[in-house]
Every structure is written in C-alpha cells, then in structure tokens.
Protein chains: 4
Amino acid sequence: MQAIQLENYGIDNLKLTEVPIPSIGENEVLVKTTAASLQYLDLLLTENTAGFNVPLPFIPVSEGVGVVESVGKNVTQWKKGDRVLIPFITRWEAGQITPYHNALRTGMQTSGTLAEFTIQPENTLVRTPENLTDEEAAALPVAGLTAWASLVTQANIKAGQTILVQGSGGVSLFALQIAKTFGLKVIATTGSKEKEQKLKNLGADEVINYKEIPEWSNEVKRLNNGIGVDVTLDVGGNETINQSILSVKEHGYVGLIGFMSGSQLTFNIVPLIMNYIRLQGYSVGNAQELKELVNAIEKNNLKPVIDSIYGIDQTQEAFLKLKSGKAFGKVVIKF
Amino acid sequence: MQAIQLENYGIDNLKLTEVPIPSIGENEVLVKTTAASLQYLDLLLTENTAGFNVPLPFIPVSEGVGVVESVGKNVTQWKKGDRVLIPFITRWEAGQITPYHNALRTGMQTSGTLAEFTIQPENTLVRTPENLTDEEAAALPVAGLTAWASLVTQANIKAGQTILVQGSGGVSLFALQIAKTFGLKVIATTGSKEKEQKLKNLGADEVINYKEIPEWSNEVKRLNNGIGVDVTLDVGGNETINQSILSVKEHGYVGLIGFMSGSQLTFNIVPLIMNYIRLQGYSVGNAQELKELVNAIEKNNLKPVIDSIYGIDQTQEAFLKLKSGKAFGKVVIKF
Amino acid sequence: MQAIQLENYGIDNLKLTEVPIPSIGENEVLVKTTAASLQYLDLLLTENTAGFNVPLPFIPVSEGVGVVESVGKNVTQWKKGDRVLIPFITRWEAGQITPYHNALRTGMQTSGTLAEFTIQPENTLVRTPENLTDEEAAALPVAGLTAWASLVTQANIKAGQTILVQGSGGVSLFALQIAKTFGLKVIATTGSKEKEQKLKNLGADEVINYKEIPEWSNEVKRLNNGIGVDVTLDVGGNETINQSILSVKEHGYVGLIGFMSGSQLTFNIVPLIMNYIRLQGYSVGNAQELKELVNAIEKNNLKPVIDSIYGIDQTQEAFLKLKSGKAFGKVVIKF
Amino acid sequence: MQAIQLENYGIDNLKLTEVPIPSIGENEVLVKTTAASLQYLDLLLTENTAGFNVPLPFIPVSEGVGVVESVGKNVTQWKKGDRVLIPFITRWEAGQITPYHNALRTGMQTSGTLAEFTIQPENTLVRTPENLTDEEAAALPVAGLTAWASLVTQANIKAGQTILVQGSGGVSLFALQIAKTFGLKVIATTGSKEKEQKLKNLGADEVINYKEIPEWSNEVKRLNNGIGVDVTLDVGGNETINQSILSVKEHGYVGLIGFMSGSQLTFNIVPLIMNYIRLQGYSVGNAQELKELVNAIEKNNLKPVIDSIYGIDQTQEAFLKLKSGKAFGKVVIKF
C-alpha cells in the first residue's frame, strides 16, 4: 500500500512510498484511509524540534477518517463500507487514561494516518457523522475531541457562561463552535485583522486583536461586564499564560492543550491561588466522548472549519501551510 | 398595602384586601411586587386538596418579581429601583438545601407574592434579566429555576443528547427551551392537536400525541434511532412513570418535580435497576443557580412562554385558567 | 470439563455434569475457576420465580474467581498462574454501561461461573487482592462491586457522613465495611438478635432491630442527632422503601440494588420531592471500579464476610443455605 | 478590649493594645476569642515580605475559635456560650466563591483574630467539634479546611488511592490525617530525621527524606508499585513543582495552596499535558465544607497536631517559632 514515510526528520523527507499492508486480528478492522488532518504536533514530530525523537522510519499524522475495508472474524460492530473515525489513542474506550492507553498514540507511538490502510481494534472506532464529508470529519479525532473533552467533560460548560478562545488553531475553532452550541458567549482573540471577521462569522460575540491590546485580560473583562470569563483554553504557553489566568473569574478553568511555544511555563501563582483557578493539562478524550461529539455535530449540524485540502502527493505543501501559521481552520490531506 | 388573602380555602375566597406593610431589618429589602405567576402547587394549597393545610389567613402564590422600594441600613447590594426576582426558598444562597432553608418557602410556609410588598433578605434576591419584561420574568423563580436546576445541575445535559419533555406546563416548556439552548434534540408529548404545532414552534424536534399512542415509550425510542433518551422530567406521576422509565437509556435521568396526580407512586423496579436509572425528586434550585439561569436567558435572548396576563383583581379568573389545564405556558398576574 | 448445568428450573436440578471446554480467541483468556459466590439473583434465575426464563440448559451463578490457565496469542496483560476476578458484565471497561455491555451478564445472559473453566476477554479481568484467599475474593465481582460503585462512584460518600445499611446480605455487609473505611458512621438494621452483635463486631456504630421498631426511620434520625442519614441502600423494596426515603436527609441517596420482594414498588412521592431525594437503580460497576475496590481492600486489609464454604458437589446445599435467609455474609462454592 | 495591633510591619511590632469593642448588627454575633492559630500567610503579612501592603494599623491572624458572647436581635442559630469556629472568609456559606466573598478575608482584608472580640455574621459560624479543646480546634478554619476542601471536594479522594503529603506544615498534616480517615495510603516527605518518626506515628505509610533523595518523584513511584500517586498538595513552589508533577499518575491532582517560596512558578508543561494532570490553586473552603470537616473530626475522633501553645502576651515568640520552620503542627495562641 502507499504511505508517506519519514526516513529522516524534516518536511522535505515526507515522501510517498510503498509499504506492506498490515494483517488484521480476530477483533480488528482494516480501515481504508480517506482523509487525514494535520496538528501542530505532527510538525514538531516531523521536524523533531521538541525532542520526541520518534524512531525512524515513521508514518506520521495523528488524525484521520476512513472506510471499513474488512473485519476480523469476531468483529460484530462494523462491516465493509462503514465510515469511521480513527482514534488518536487506540483502545481507550471510556473513563480515565492509563499508562497502557497512554502508550498507544497514533502517529506518535504507533504508525500514523498517512497510509492507505490502518489496523484498528473494533471497540474504539466511532462512526463518522452523517452530515459531514470525510474531509470535514478528518479533524474530529484530535482537534474536535480535545476541544470537546476539555470544555464538556472537564470544564463542564453551561449556557450563560462566557468562554475566551485564543487564535485560530483547530482546537480553538472547535471550542468556539462547541461553546456556541451550548449557549455560551464567546470572546475570541486573534493577531490578524483579516481573521477578526472570520471569527465573527463563526459566531464569536466579541473579538480582541492581541497585537493592538497586549494586556488583553482587562479587555476580556471589560467585554464581560467587568468579570472574568468561566473558561479559556491557553494556546500560547509562556506568551499568554499570565493573561489567561488573569482573564478567568473565581473557580475559572484554564486548559493547557499544547506546547507550541516551548516546554517551560512560568507564571504568577498568586492569582491562581487567590481565585481558586484550575490549570488543566489535557489532550484528546476517549471513544465515548468522541461518540458524544459526533451526536452533537449531527444534531446541531456543525461544520468543522477547513482551511485547505491537499492531495496525498502534496503532503509537503500541506505541512508548509500548517507551519506558515496562516491557516484558518484545519489543513486536510485527501487520499 | 393591598394583598390577596385567603380566609378560607377555595378559589372563590381569593379576595383583595388591605394588610399592613411589613417593616424591614438591617439586611433586608422591601420589594414592590410587579408580577406574579401561578404554579399548580398554588392551586393545591388554595383548594387544600393535597393535605397541606396551610394556616389561614394566608397570602398565596410562590413566585413573582418586583422592584426595590427601600433597603435596610446594612444592605450594600441593592438600591431603590432595581428590578429583582423574588426567591421561592428564601436564604438558600448556594450548595445543598438544609432543613433551615426547607422551612422558608414563599407562598407555602411564609406569605406569598400576591401582596403589594414583600420583605426579602438581600443575599438571595437576583436581578431580573434585562431582555425580559416583569411579566415575562415572573415565571423564572420557580418554573424556570426548577427546569434549570434539574437539567443543568442535576442531569448535566450536553449538546447531542436527547430530552423528552412532557406536556405544556411551565417547567416542561422551560425545559424545552433550555434544552434547545444547550444543543439537545427535544421530543415533546402532548394530548392536544392544537399544542403540537405550538411545541414545534418553540423548537421541539418531534412531538408525540400521547392520546394517540398511550404506550409512547416505544415511539420515543423510534424517534431517537432506537435508543432511549438521556433525560426526561416526569410530570404525570402514576399515569406516566412507567413510560418515563422505559423511555430513558442506560444511566438515564427521570426527574420527579410535582405531584399533580397524587402522592403515591407505583412502578416496575426491574428496568430501573437493570438500566441504572436515576429517579430524582427535585424542586427549585438556589440563588446561585437562578443567577446562572438569568445569564443564560440574557445571552441567548430566551423568552418565557406566557399564556395569559390577568390583573390582581382578576386573580380568581387566573386560578380558573390554570385549573382548566388549557394554558400553554404561564398564567401571570400583574399588579 | 465439569460444570453445574440446569436442565430444568429448580434447586433440585443443579447437577454436576460434563460439558466441552470452550476455546479461546486471540484476545481471550482461559480461566480455571477456583471459587464462586451466590447472589439472591442466582436463586431467582434457578427457580425461575422472577420471570427471567433463562434458556435451558444453563450454567448458573454470576460471580467467581480463578487462575489463568492459558492466554490467546495477542494477550499481553495476563499469563498462566495469575489470580483473577471474573467480571459479572463482560467487556465493560469503564464509563457508563451501554446496551452492548448490558447484554453480557455472566450467569444470566451468558454461561455462569459454576464451570471448571470460563473464557474471558483480557481487558475486563482484574487481579485478585493479594491479602485475600480465593474463597474470600469470590464475592467481590458482584456484591463487593455493587456496594463500591453505589457508595463511592454514585453516592460519593465522605468521612463524617452517616450511612444506613439494611440487613446482612452480601451487598449490605460490603457497604458497611466500605463505609467504615471511608470514615462514616454506620447504622445497621437487622431482624435478628443474634446478628446485632455480629454487625457491631464488623464496625456498625448503631444497630436497630426492625422487628422491634417497625417504623425505624424515626429511630435512625434519633441515633443521628435528629437528622436523616446521607445514604442508604434499600434492600427490601415495598416493605422498606417508605422508611428508607424517610430515613435520609435533604439531597439524600437511596440506592435500589435488588428486587427480592417483587418487581412493583410503591411509595409516597411527597418527601422525595420536598427533600430532593435521589432514588438510584444500580447493579455492579465496571472493571475500572473493580480495580479501585481491589486497591481499597489491599491497602486497608479488608476481609469480606464469608458465611460458609461448600464444595462444588454440595451446590444444592449452598443454594438452600442462601434461600434460608440465615446466612450472615456470602455463601461460597469451592472447586 | 485587648488586641494585638500592628502599627508598623515586623514581628517586633506585634504589641498588645486596647481598641474599642465593635458593636453587632441584627444578624450578627459577638464572639469572644479563646484561641488563634498561625499560618505562614500571617508571617508574610506581618513582615510585609510578599507585597500585600496591608493598611496599618492592623489586627493580624486569620484563624481562631471562640465562644458566643451576645447575639443580634434577629439571630436564631446561636446563643451565649456556644463554642464556634471563626471563618477565614466571612459570608461564604456554600457553593463557589465570588468577588464579594473574596474581599472578606479575616486577618487579611478585615481585622484578624488576635483580638478579644470579633463580630461575625450568624450564617457562616460553625460549631466547634465536641471532641476538641479550643486550642486543638483553632487550626480548623484555615489549615484544616484548606486540606479538606482540596482533598475531599476538589480531588475527591477515595479509599485505595495514594496521596503524597509534603513537609510538616499545618495543611500537610491535616491532609495526612484526612487521607488516612478516608482509607488512603500516605507517602510523606520531610527534610528532618526527627520528623520522620513523627510522620509515621501520625499514620504515614512511607516517609521520604527529600534531603537524601532530591529527585524524590522516582522514590514516590517506587513506593507505590511503580505508579504515580493520585493526589499531592505542593507546598514548595519552584523548589518542588516539577517533582510534584512527576509524582502523580495520569489524571492526577496537584494542589497549589501557598506561596512560601515566591510568587513565580516555573515547570515543564509536557508531562502535565501528556498525563492529563490538574494543577489547582486553592485556599480555604466554605462554611458548608467546614461543617463537613467538623463531622468527620467528631465521628473519627481526629486530633489536630499542635506544636506549641503561647499566651497572647507571647505573640512575638509564637511568630518566631513559626518563622523558624521547626514547628511540627500548629503554633497556637491562647487568650
């Protein structure tokens, strides 16, 4: 089968090659990949700039969707032709993650989705929402699920609350859409004039340009009747964490979902303690949460934001688009 | 001041009379009532058909709104002219109810809202939503808050779930609106052809006429891809409880919020245990939850459903309208 | 292999016979049973007195423990000789039960533990606590886990609270021990003079003889400074439910875990609503909760209460002992 | 009345003086102080080393207990002679803290407990446990309640889990005792040979001397079967935070409850995100939680650890003992 395999680190080395089709076990499913979607993490692993040292050769990319090609003899839940979401963390059905699950991250500790076929255990596949194309659905297993698990399971968002979403990455845009679906007020930040209107079109009630207002936590409060927001997902690390903490109210939730700006985090602890703030490291949720997200998407006809779609032979261009920081929504690769 | 005072039980005895204005303490607020709203409980107490034996003379009605007339010398949170919601359970600020709070129910254990003025402790008054008139807001302190506390705090509803709302009482209509605000699918029941369309206009995705389908739990599942709903609020007691239990899925929530059809409840316990179902007795929530509801109403511009508005001198007509069972939404009395 | 197989309903028909050893799949484990433990449900199914109509022939009994005999080729978590708890509901790893799991109850919808060998998927086996013999551990997968999931996950018990445990069945005795481990005060009921002292020996702070005090809810409150308890697990259905509801305080938890006294339940709904009481149908929890219980048992050296141990050839006597209602603790069958 | 009043910052300036007795309102209680207990925060405020700049003159100290001397005319819950705990955050009855409550911290934003009398609103006083002397109970309102709210309400500790407690400060010792009461395994750290045995006497299952093992997170895991603990309360800030994060398992809870080592915190974010760790800023809980703690203390006869008791005229010595870092348990001042 065809796959993008990395022989050495670097975007230049993302090359289409032939590898053997893996064989399935009794409880496994062979999934034909139809679309994959890029995370910032894929870039860090491919360029090896964060010290992960993924063993080479390596098939990259953590999220994707596909169609069932064949099933193992004991599989009862799926049949050929079913459209499915490929989980980032295999075998994590429900409840809390364990060390066992923690070592099974697609495109990180195991082969990624830039391959024509992948093998999946039957229990953690999730059906693709009927209202989405495969390209639209490709961003659900990581970006969508990270936003869902953070906001819904962890932060327990409610109508009438206010959320602050930061920038235009995949998780932030899903967070915006999910928050509007739950009846929250949304304040969004961006550094780009052009994206301000796009954020409003997506449903943001207020937009702050952080280049114009570097100490934006005060502006956040001004736009929320003088009080902090209930929830924010911090995406900037050291560049934003102090402003994030100052932007939330008492018992507020600050999600930490990425490390784009480096692995060391420094902030003032006093408001964290005085205001009872929660700083929660989080990544994707489990299969049960992904099913919840699928239901929410179908019942509210949500459409994930796609920046651009590339062919599998344009994988390098797709990575370069992601790296440019100019994407608004997800960069997708189509098979 | 003027008040409706019951000297003997019965709707006929709801008569306008003069009573003294109560005097306020240091931490109390004198509220001029502007609108009240009727519950089925008000009818049970007025006609004394449920054995509560409220001591006479008695000023009835549990919910209402008003405007601050004057404040005690230590009051810092309110000033003359503020629009406020009058709590059903006085002094219950947050957390769980205690025996102390449980004995302070307006229009039940203490004087009701059908009086020109009421005395309120400052801590459990809540501001009226800016987007509502006083008549619209009059149904928030009991019907609105019961729906909110049940669905949001207790059942923890989420986008993508499905709720079954039963009939057209105040709590059920608020439940419908709150559920839509949170992104749920709503299935509603009614016994009236005419109300079917009204429920759809309010946002119900599906409507079942229980007169046509007495065993409606199967129809509920058919309309939800063959699986039970996540939440329902049972309003019919013995007439509906078995169908309610059969309508919810595993770990489903069946709220019990009233006793219109009598105080004894009988049902089959087997599906309750096999399906891990929760039966939750509930009434209104606390002041913190009422503030949450006010925020949700403002941010999503929700409009409570008003059936009709009567003058204080038409109180008997208002009670008769409630008793007729023909109201769609709340019956309001204006001062 | 040897097994107790029911050809017709009735204790008399519990006879030792030979049946084929099942063969294991790639992700499955062959477990040699060492001990089984009886539930009241086993009696209902064997005598077919509750209308379950289990298809015959049938190997009964829902809980048991054993030792790994061999493993499928993909199994990584277990090896020959490991001591394991056999789950009641197979494949339910974590989170909420689904219809899929709900149809996989050992000794009810699938073959039971009164067989020399059983086949188990690797993911829902749980290690046996090191401080217990197999006979002691045999009651963990159903009775122990039902008490744990009800008290810890659902009722969220805390030190300083009070629990009411009813009678001397397996779940109630586990509930007593778990509650003491969490620092609760325990009030126990019994109808037997002889068992009063046994309950105190197990840690009960107070014991009520319900034969002497039929309206025991008042006595419960008297023994708890005049206020209701936080939690109770009702075991008597119609005979006890009204007293159970009156025994708990505001926001109290009444667990419904069995149907010994019939399938119809009738009670007064008014205190349920006025006091915000939760009635929760529940059965066993999932594998993650069973692991939690194992940790709690080891770290606090808890010893399950065993009434008596029978050989596999004394299965009928074991069932008769259970049926007599005279057991204090679990009736165990040893292989 | 007598009070310790600070005219200028510094321990030397803690001097006994005469100030007027405050007068009570209708819903207030005059409490005669019997004992106070010192926090590290009292030291920071008194020496003004953390930039709080408390306005002078100032009566310091945040926690204390007393006896009701007289009550306002509307007070129904208390009478002369009742033993009561003085809350750190006045008027915070239940639920989440708000900006209103957040500005009412005893001994910080309002006068402290080193005064013969204090005025308290009736609703947030809590009765003193019957099994404790006033000196023993003096540490409940801040140190005890911070440990309780963190472990019980926030981290939701359960029997069978493991907790890591750090050092011998008041909160850490309460955390140790509360955790043992809930059936947890406790691993404690200390830098002192002498305190090792004291920690074991209090119930610690394992003790690590962090001077001997600076990278103690590995040792924590070694003592817990190779896996991280469920909960820790970090007390050392920058000196300990990385080890704290590495000591907890997936979904672990790291409480941040103080800022002894400065206000800036720096750590590696990668394990926080990969392991789904929660960093929770916290301080004391509300009155409802303090009542829960009182019940837990009485029902399990817990005795807070007192290092030493000083007279009000030895206040400077008491502060110096606290500052020495040599106290094991609370430093108490008796009136």
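Chain A and chain D bury about 3500 Å² between them, and carbon and sulfur atoms give 61% of that area. Buried area here is the accessible area (1.4 Å probe) that two parts lose on being put together, summed over both. On the chain A side, the residues that lose the most area to chain D are A:Ile273, A:Met274 and A:Tyr276, together 20% of what that side buries.

A word on the ground rules: this is a predicted model, in which local features need pLDDT of at least 70 and side-chain atom pairs count only at pLDDT 80 or more, while totals for chains, interfaces and linings use all residues. Residues are numbered from 1 along each chain as its sequence is written, chains are lettered from A in the order in which they are written, and side-chain values use heavy atoms, with hydrogens and water left out.

Chain A also touches chain C, and the table sets out both interfaces. Contact means heavy atoms within 4.5 Å. A salt bridge is a side-chain nitrogen of Lys or Arg within 4 Å of a carboxyl oxygen of Asp or Glu. A polar contact is a pair of N or O atoms within 3.5 Å; within protein, one must be able to donate a hydrogen and the other to accept it, and residues adjacent in sequence count only if both atoms are side-chain atoms.

| Interface | Residues in contact | Buried area | Salt bridges | Residue pairs in polar contact (both at pLDDT 80 or more) |
|---|---|---|---|---|
| chain A and chain D | 37 of chain A, 37 of chain D | about 3500 Å² | zero salt bridges | 18 residue pairs |
| chain A and chain C | 14 of chain A, 13 of chain C | about 1000 Å² | zero salt bridges | two residue pairs |

Between chain A and chain C, 33% of the buried area is on carbon and sulfur atoms. The side of chain A that touches chain C has two nonpolar, nine polar and three charged residues; Ala, Val, Leu, Ile, Met, Phe, Trp, Tyr, Cys and Pro count as nonpolar, Asp, Glu, Lys and Arg as charged, and the others, Gly among them, as polar.

Now for the symmetry. A turn of 180° with a shift of 0.0 Å along the axis lays chain A on chain D with an RMSD of 0.0 Å, which is the relation of a two-fold axis. Copies are superposed by least squares on the C-alpha atoms of residues with pLDDT of at least 70 in both. Chain A and chain D meet through the same surface, because 100% of the interface residues of chain A are also interface residues in chain D.
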